[in-house]
Amino acid sequence: MPPIKIDHLAVVVDDLPAALNFWQNALGLPLGGTERNDHEAVEIAFLNAGDSRIELLKPTTDDSGIAKYLAKRGAGMHHICFAVQDIEAALKHITAQGVELINETPRTREDGTRYAFVHPKSTGGVLVELYEVTEGLG
Ligand code: ZN
């Protein structure tokens, strides 16, 4: 079953207050919340944009995947995330098309939601995240 919507676009930043000055103050998107993800070693700020969100990612260590990305490519667009209803079914469908995943099995956030990344070498260079939505559908 295809994704429901774009859940968020993620941007890697090296300076969160400076990034918020643009996205929140200048552009005017309301801040939806902030959190830390210690698995990925990032500080996250979500800004609401209608039905979708912008996710700002700031590395909290020097050796995480996001920190290496920032060091190599600089700040900018990082990934696009689609909401899906059944992540197991979505991953099975994607791998059946010969597409390579970064996370063969879904990872779980602190709040219990599950997500997985598709490898950018299978998507034409775009890092794609799938995020399982279990409530608030429709
Ligand atoms: Zn994301």
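These are my notebook entries on a pocket, two helices and two single residues.

**Entry 1: before I start**
I'm working with a predicted model.

**Entry 2: the largest pocket**
I began with the largest pocket, and its space comes to about 680 Å³. Which residues are closest to its centre? I found I66, H78, I102, F117 and L127 there, out of 28 residues that line the pocket.

Next I looked up where the lining comes from. At least two lining residues each come from β3 (42-49), β4 (52-59), α2 (65-73), β5 (76-84), β7 (114-118) and β8 (127-132). Which element gives the most? I noted α2, with six residues.

I also sorted the lining by residue type. There are twelve nonpolar residues, eight polar ones and eight charged ones.

**Entry 3: helix α1**
I moved on to α1, which covers residues 16-26. Its start has a polar touch: a side-chain oxygen of D15 comes within 3.1 Å of the backbone nitrogen of A18.

Then I checked burial. L16, A19, L20 and W23 are buried. Why do they sit on the same side of α1? They do because their arc around the axis is only 100 degrees. I jotted down the textbook rule beside this: an α-helix has 3.6 residues a turn, so residues three or four places apart point the same way.

What lies over that buried side? Among the covering elements are β1 (5-12), β2 (31-37), β3 and β4. On the face turned away, I found P17, N25 and A26, which are exposed. After the helix comes G28, with a positive phi near 95 degrees.

**Entry 4: helix α3**
I ran the same checks on α3, residues 87-96. Here a side-chain oxygen of D86 reaches to within 3.2 Å of the backbone nitrogen of E88, at the start of the helix.

I87, A90, L91 and I94 are the buried residues I listed. They span only 95 degrees of arc around the axis, so they lie on the same side of α3. The cover over them includes β5, β7 and β8. I had already met β5, β7 and β8 as suppliers of the pocket lining.

K92 and A96 are exposed, and they sit on the face of α3 that is turned away from the buried side. G98 follows the helix, and its phi is positive too, near 80 degrees.

**Entry 5: F46**
I picked out F46, which is in strand β3. Is F46 buried or exposed? Its relative accessibility is 10%, so F46 counts as buried, the cut-off being under 20%.

I then looked up what F46 touches beyond its neighbours within four places in sequence. The list is H8, P30, L31, G32, G33, E35, R53, I54 and E55. I looked harder at L31: it is 15 residues from F46 along the chain, yet their C-alpha atoms are 6.1 Å apart.

**Entry 6: T113**
My last stop was T113, in the loop between β6 (107-108) and β7. T113 has 15% relative accessibility, so T113 counts as buried as well.

Which side chain makes a polar contact with that of T113? I found D111, at 2.7 Å. Setting aside neighbours within four places in sequence, T113 is in contact with R107, T108, Y131 and E132. I matched two of these names to elements: R107 and T108 are the residues of β6, while Y131 and E132 fall in the range of β8.

Key: Residues numbered from 1 in each chain as written. Predicted model: local features only at pLDDT ≥ 70, side-chain atom pairs only at ≥ 80, totals over all residues. Heavy atoms only, no water. 1 Å grid on protein atoms, 1.4 Å probe; cavity = no way out; pocket = protein on both sides within 12 Å on 5 of 7 lines; lining within 4 Å. Points joined across faces, edges and corners; volume = space filled by probe spheres on them. Helix = DSSP H or I, 4+ residues; strand = E, 2+ residues; numbered from the N terminus. Nonpolar A, V, L, I, M, F, W, Y, C, P; charged D, E, K, R; others polar. Buried < 20%, exposed > 50% of the residue type's maximum accessible area, 1.4 Å probe, protein only. Arc of directions from axis to C-beta. Contact = heavy atoms within 4.5 Å. Polar contact = N/O pair within 3.5 Å; in protein donor to acceptor, adjacent residues only side chain to side chain.
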